[in-house]
Structure formats: structure tokens, C-alpha cells
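Me: I've got a structure open here and I'd like to talk it through with you. Can we take it piece by piece?

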Amino acid sequence: LPLTDVIEGVKKNFPGLVHMRIPICNSAAPLETDFDLIVETLVGSTINTPVIISDQVGLSRATTGCVITCLFREFQITSSFDGLVHSVPGVNADILKMDTYEFDPKKDPLFRGEFDVIKQLTEELKGADKAKKECDKIIDKNGPKKTGGTGIKQLRENIAESKLSYEIMDDSAQVFLKCKIMDNIHKYFYLIVFATYIREAAEAAKNVSSDDNKKENTLASGKCAIPAKELKVQTSFKKFMDDHKGLREMIDKGKGNLQWERDIPASSLSALKDLAAEDFYGNLGHIVHDLYQTAHVMFSDMPQGDHKKRAKYRFASKTLMRLLPGDQKKKVEDLIEKKQLSLDLYDVLGFCTWGRAKPEEPETPKEEAKEEPKEEPKEEVKDDAPKEEVKEEVKAE
């Protein structure tokens, strides 16, 4: 059965059910109009109205929808209960604020979402710094148990985990993973921008109520508490992005602004180059030893395991290629291009040791086909002289 028919069947038992299907990408951010569709679907609902979000697998897309929905619910809570909270004596309103969320300072900056383009966003967009904290808390609550959540997908830390995996992948896998990482940063960026937008909408919603509604919803303390289902969003997210056009260019240019490869320390690289320049083949053992020693220091932040071993191995392979003598490097690159050799440390080392010294087989000279001597045509000698008849004498015995 088509999904629409299934939903219509469910509505018979739940007549108040509202269904909205919003196709979104698995890795990249939803479209700006998709954010607006979710908001329009939720406007008019009460805070305790259940919201069921599902996708085919229940990972990235469903978690993205949950985060957007939670941000909208926070808009309703902030706008509706702000007056009530401030009316109760002795209540510390700061405890209820979402924008005071802090990470463990020992956590890696990438796991805290401190990418260059995100830091640029929080510096240039007013209110984005607090919006990031609110967004991070909601992301963690929708993430797995290890980040304090009840879900199964961590939208922020998944970027950092993919970045660590990138360092150990081969070239073809890196192309795919790089696109995925940039798409996820794009999504994270848009979630923070949406959080900024919805926080501004919450402030505006407190002041747009009519005078009659204000009188009706004003508490004895003089504070106004507007019911959540009566709250309206004054402008669309698309309009907000149109008013901040620079944000689109910022994320398009900045989502790939990551250090995709670790830089080898200048002193270590200089020492390796000196060894290679002095006598590459004679110092090859020393070079390989120093390569691994340098890799051990460079990847000391990674936990022990297969990931770390592969990262160090891949680093050694690529750096050795940089140290090859010019003529040897050209031969190796040609073999790799022809797929007769792989960019693998042991393959390259093997070629640099026994492969380069392999004697070239002399070409067997081709035997020229011997031409058989041509027989000269024999001239027929014609005797034009009349032949004498030889008469045999028969002697009678």
C-alpha cells in the first residue's frame, strides 16, 4: 500500500492526526523551505502534542527532524512560560535557560563543533553564539546515551568521527567521505542558524499579541503568558536567510575549510630530506625508522587501535613518496597510474630496493628472414642445325 493510504487508515482511529511528508537529504541540510514546512506543521499545536518523526532507517534524517522540532518546542516554551516563570517568587530563571550549555573542556575541539566556519558564524551573526549552545544541547539530547541522549545518532560528533576515519581511508574512499563531512558541516551550520532564527521569533512572539489577548493572558504579576497554540511565527526562515544572504556564501566557501591532512613538523621533514639528499638508498632504513617515529608523535592524540596504526602507516607511505629521488619518483608514479603498483609503503619500499636493481632483460634480436636465392631462368639452347640420321648397321652374323 502507498504511504498515503496507510496514513488515511490510521486517521480513522486518530482523527486529529496531521501527516506531513518532507523529503530531505541524508547528509546535507534540509532546504530552507523544508524548515518552514516543519514550522508550519507545528504552529497551532500545544506543547504536549506528541510528534512522531520517522524515516526509512531512523538515523540522520529522523534525528535532524527531531532537532528542528525540539527547537520549535523551545520557541513555544520560551514564549509561553516566560511570563509565568518570572511571576513565581524565588525561581532562578537562569536554570531553565538552554543557552548556558557548556562542554567538557577536555573534549576535542572538533567534537565540540568548533569548525572554522562555525566559529566565523558565531562571530558574525548576532545571537549565534547562544543559539549554538542551545542547538548543541538539543543535539546531545537526541544523540546516543554516551552524550546524555536517548537517540542513536550524534549529528555533531559524527562529523569529528568521520574526520578521524578520513585519515586512514584510501584515496577513492576519501573522495566520498570528504563530501559527506562537508555535507554534515553544512547541516550543522543550518541548524545553528535556524536556532538563531527561532530564538528571535520567540522574542517577537511575546510582543505581537493583540491588546485583547494581552489583557486575557496577563497574570496578576503583570507578566503575559500566551498559550503555546496561539503563538505565531512572524516571518519565514527563507525570508530570514534572504535578509542574511552572506550566510549562504559563508557556508558554501567554509564547509571544506578543514585540515584534511596533518602537517609534518618542519624540523622532522627537514631532517628526512637531508637524509634522502645525502644517500637515499644508503639511508633508507634510517629514513623509515624516522618516518614511524614522527608518525608516533603526530598521531599521539588518537587512541590505540587499528585506526591509529592505519593512520601512521598511510602517513609513512605518502611521506616516503615525497622523499623519493626524482627519477625513481617518476617511475613509481607511472606504475601507480598504470595500476601496476599501489601507494603502499611496502610496495614502494620493495620497488626502491629490489625493483630498481632488477636487471633489464636484453632484447632478443630478431632474426632476419633469409631470402632464398632466386633461380635464374635457364636459357634453352636451340640447335637449328639439321640432325644427322644415325643409321645403325646391322651386321649379319
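Me: Let's begin with K339: buried or exposed?
Reply: Keep in mind that this is a predicted model. The relative accessibility of K339 comes out at 78%, and the cut-off for calling a residue exposed is over 50%. So K339 counts as exposed.

Me: And where does K339 sit?
Reply: Helix α14 covers 326-337 and helix α15 covers 345-357. K339 belongs to neither run, as its place is in the loop between α14 and α15.

Me: What's the phi of K339?
Reply: Most residues other than glycine have a negative phi. K339 isn't a glycine, yet its phi is positive. The value is near 60°.

Me: OK, zooming out: how many helices and strands are there in the protein?
Reply: The protein has 397 residues, and buried ones make up 38% of them. Of the contacts with a separation of 6 or more, 69% are between residues 24 or more positions apart. As for the count you want, it's 15 helices and zero strands.

Me: How are α6 and α7 oriented, roughly parallel or roughly antiparallel?
Reply: Helix α6 spans residues 157-166 and helix α7 spans residues 171-205. Their axes come within 10 Å and cross at roughly 160°. Angles over 145 degrees go down as roughly antiparallel, so α6 is roughly antiparallel to α7.

Me: Which classes of residue make up the contact of α6 with α7?
Reply: On the α6 side the contact includes I159, S162 and Y166, and on the α7 side it includes L177, I181 and Y188. The crossing itself is left-handed. Sorted by class, the contact has six nonpolar, five polar and two charged residues.

Me: What about α5 against α7: roughly parallel or roughly perpendicular?
Reply: The axes of α5 and α7 come within 8 Å, with a crossing angle of roughly 115°. The band from 65 to 115 degrees counts as roughly perpendicular. That makes α5 roughly perpendicular to α7.

Me: How many charged residues are in the contact of α5 with α7?
Reply: This crossing is right-handed. From α5, residues including K130, K132, E134 and D136 meet α7, where R199 is one of the partners. Alongside eight nonpolar residues and one polar residue, the charged count is five.

Me: Now K308 in α13. Which backbone oxygen does its side chain reach?
Reply: K308 has just 5% relative accessibility, so it counts as buried. Leaving aside neighbours within four places in sequence, it contacts F299, S300, M302 and P303. The side chain gets to within 3.4 Å of a backbone oxygen, and that oxygen belongs to F299.

Me: How many Å separate the C-alpha atoms of K308 and S165?
Reply: Along the chain, K308 and S165 are 143 residues apart. S165 is also one of the α6 residues in the contact with α7. The C-alpha separation is 9.7 Å.

Me: R314 is in α13 too. Is it buried or exposed?
Reply: R314 touches E167, I168, M169, D170, D171 and Q174, not counting residues up to four places away. Its relative accessible area is 13%, and the limit for buried is under 20%. So R314 is buried.

Me: Last one: which residue's backbone oxygen lies 2.9 Å from the side chain of N142?
Reply: N142 lies in the loop between α5 and α6 and is buried, at 14% relative accessible area. Its contacts include T63, C66 and G151. The backbone oxygen 2.9 Å from a polar atom of its side chain is that of I138.

Terms used. Residues are numbered from 1 along each chain as its sequence is written. This is a predicted model: local features need pLDDT of at least 70, side-chain atom pairs count only at pLDDT 80 or more; totals for chains, interfaces and linings use all residues. Side-chain values use heavy atoms; hydrogens and water are left out. Axes are lines fitted to C-alpha atoms, for helices over the stretch in contact, and angles run from 0 to 180 degrees between N-to-C directions. Helices (H or I, at least four residues) and strands (E, at least two) are DSSP runs, numbered from the N terminus. Angles under 35 degrees count as roughly parallel, over 145 as roughly antiparallel, 65 to 115 as roughly perpendicular and the rest as oblique. A crossing is left-handed if the near helix is turned anticlockwise from the far one by less than a right angle, and right-handed if clockwise. Contact means heavy atoms within 4.5 Å. Ala, Val, Leu, Ile, Met, Phe, Trp, Tyr, Cys and Pro count as nonpolar, Asp, Glu, Lys and Arg as charged, and the others, Gly among them, as polar. Buried means under 20% relative accessible area, exposed over 50%, partly exposed in between (1.4 Å probe, protein chains only). A polar contact is a pair of N or O atoms within 3.5 Å; within protein, one must be able to donate a hydrogen and the other to accept it, and residues adjacent in sequence count only if both atoms are side-chain atoms.
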